[in-house]
Amino acid sequence: MSKETMQSAIDRAQHVIEQQASEVAKTAMRQRYHFMGPCGWINDPNGLIYYKGKYHFFYQFNPYSGFWSQMHWGHAVSDDLLHWEHLPVALAPSEIYDDHPQGGCFSGSAIEKDGDLYLVYTGTANNGNGFEQTQNVAMSVDGVHFSKCEGNPVIEPPEGVPHDFFRDPKVWEHEGLYYLVCGAQRDGRAQALLYRSKDLLHWEFFNVLFESRGEWGFMWECPDFFPLGDKWVFLCSPMGIGERTTVYFVGDFDYGTGSFTYTVTGEADWGFDFYAPQTFQDGNGRRIMVGWANGWDWMPFWKDWGPTWREGWCGSFAVPREVRMNDDLTLSIMPVDEISTLRSEMAVLPPTIRLGEESTTLRVGDGVAYELGFSIDLMQTDAASIHLNLRQHDDRALVVDFDLAHARMSVNRDKADEWSKGTSRSPLSVQGKEKLDVILLSDQSSMEIFVDGGRVVHSMNVFADNEHNGISMYAKNGDAVLVDVKGYGLDAV
Ligand code: FRU
């Protein structure tokens, strides 16, 4: 039997998508303003790029079921990062280097060269010697139809790097040369390997950009590396460091040596449903970060991907976020401004709310898809803590605690739904501050909480139905004053 070409594999996938997408679109747990695939399973954002005046998102995609398998690259375009048009599948497993059913076209990135669009991705195959990962290139003249390049694989794992720990290339261009960083492992520790090329097809190893001595895990998935101001940021999802899903490092990079040294590190998101983010620069020079709003079964807090597979889909992206550098070299990560265009009716709320032990309830939008913003006025607040119950119904809720006395916050999802569990915890810097601002973005199946100008973010999935629409809050051991309280319904339709 002759082997299937990529085009016939794409045609087969498109047929299934066309059969399923309209039914899946009507299902109850679909997000209302977050990015999702048309059906099937999605995980990492791939190849994020602003190309010829449009945003392009590619993503890890199994069109055939609500579970991970045989990775394709889905593809969609948008003018505003919020309303998406799905395009044909861009990459499908088809070649000896990327065709294993438990492998396929793994994560990678996109770059424009001479007006054409190039995708650089990891092929995962298994031809009898275990899983083998290599870096590969596909290109497109029209930005829609891609062909895999003849010279693939363009990079094979170097000596000493296990063949199944060599993946997720991120490319960029600098002064006429292309650079690529990918995740790898050596002696059981994570490494980021740096390559360079004149043409995207022929690559030479440049240096170990950055490595773990054990403290940062045994593998870095989806490394990203980008300049911000006069510093460089290395971002990755480390395997083997407990509950941290996405870590950033801020420091200096030298194009002469290909080496990165960091001085500051932090979490891009403390929540349990934010993984494998990728960043890109848009036409306005903004650095935008998009993450997969879910996690893997190997994670210590993982329980379930939720019930949406029964509706024929699984996975969405967290809201696109803009990344900025603070004076102390930490990052602030906030929803892109475009989110405000989704606001429907404004909630009738008092601009100032005084909280005590009695619970105060609020109504914002339908209590499911909404934005709620306020600042904790620390000068007028003597309470030890403030507590929010979100997506509340009977004794179920996602519980957010701002523990002001101990300068920390937590988000507990044990009672939010039947599928999730665990409490994400982070520090909260209150000392010397007059106010602490909070923005909640709630959607059908997720809650994202941005605090302190985006210095602290927690993103969690909540698989609850529309009766779970309560919002209530109270303070403990004193009073708390919330100012600048504002709320809106949110909807992308
Ligand atoms: C991260 C990841 C990547 C890999 C892809 C496979 O979530 O495990 O390392 O390329 O997903 O779908």
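The shell around the ligand breaks down by class into 6 nonpolar, 3 polar and 4 charged residues. Keep in mind that this is a predicted model. Below is a quick tour of the ligand site, then of a five-strand sheet with a helix packed on it.

**Around the ligand**

- There are 13 residues around the ligand, and the ones that come nearest are Asp-44, Gln-60, Asp-168, Glu-221 and Trp-296.
- Asp-44 has a side-chain N or O atom 2.7 Å from an oxygen atom of the ligand.
- For Asp-168, the gap between a side-chain N or O atom and a ligand oxygen is 2.6 Å.
- Arg-167 joins in too, with a polar side-chain atom 2.8 Å from an oxygen atom of the ligand.
- On its own the ligand has 320 Å² of accessible area, and the protein covers 96% of that.
- Four strands give two or more residues each to the shell: β1 (40–51), β5 (104–113), β9 (166–174) and β17 (275–281).

**The sheet**

- Strand β1 also sits in an open sheet of 5 strands, which runs β4-β3-β2-β1-β19 with mixed pairing.
- At the edges you'll find β4 (84–91) and β19 (313–314), each pairing on one side only.
- Strands β2 (residues 54–62) and β3 (residues 72–78) pair antiparallel over 7 bridges.
- Across from Phe-58 stands His-75 in β3.

**The helix on the sheet**

- Helix α1 (residues 6–25) packs on this sheet and touches β2, β3, β4 and β19.
- The direction of α1 makes about 150° with that of β4.

Technical notes
Residues are numbered from 1 along each chain as its sequence is written. This is a predicted model: local features need pLDDT of at least 70, side-chain atom pairs count only at pLDDT 80 or more; totals for chains, interfaces and linings use all residues. Side-chain values use heavy atoms; hydrogens and water are left out. A residue is near a molecule or strand if one of its heavy atoms lies within 4 Å of it. A polar contact is a pair of N or O atoms within 3.5 Å; within protein, one must be able to donate a hydrogen and the other to accept it, and residues adjacent in sequence count only if both atoms are side-chain atoms. Accessible areas come from the Shrake-Rupley method with a 1.4 Å probe; for residues, only the protein chains shown count as cover. Ala, Val, Leu, Ile, Met, Phe, Trp, Tyr, Cys and Pro count as nonpolar, Asp, Glu, Lys and Arg as charged, and the others, Gly among them, as polar. Two strands pair if DSSP finds at least two bridges between them. Contact means heavy atoms within 4.5 Å. Axes are lines fitted to C-alpha atoms, for helices over the stretch in contact, and angles run from 0 to 180 degrees between N-to-C directions.
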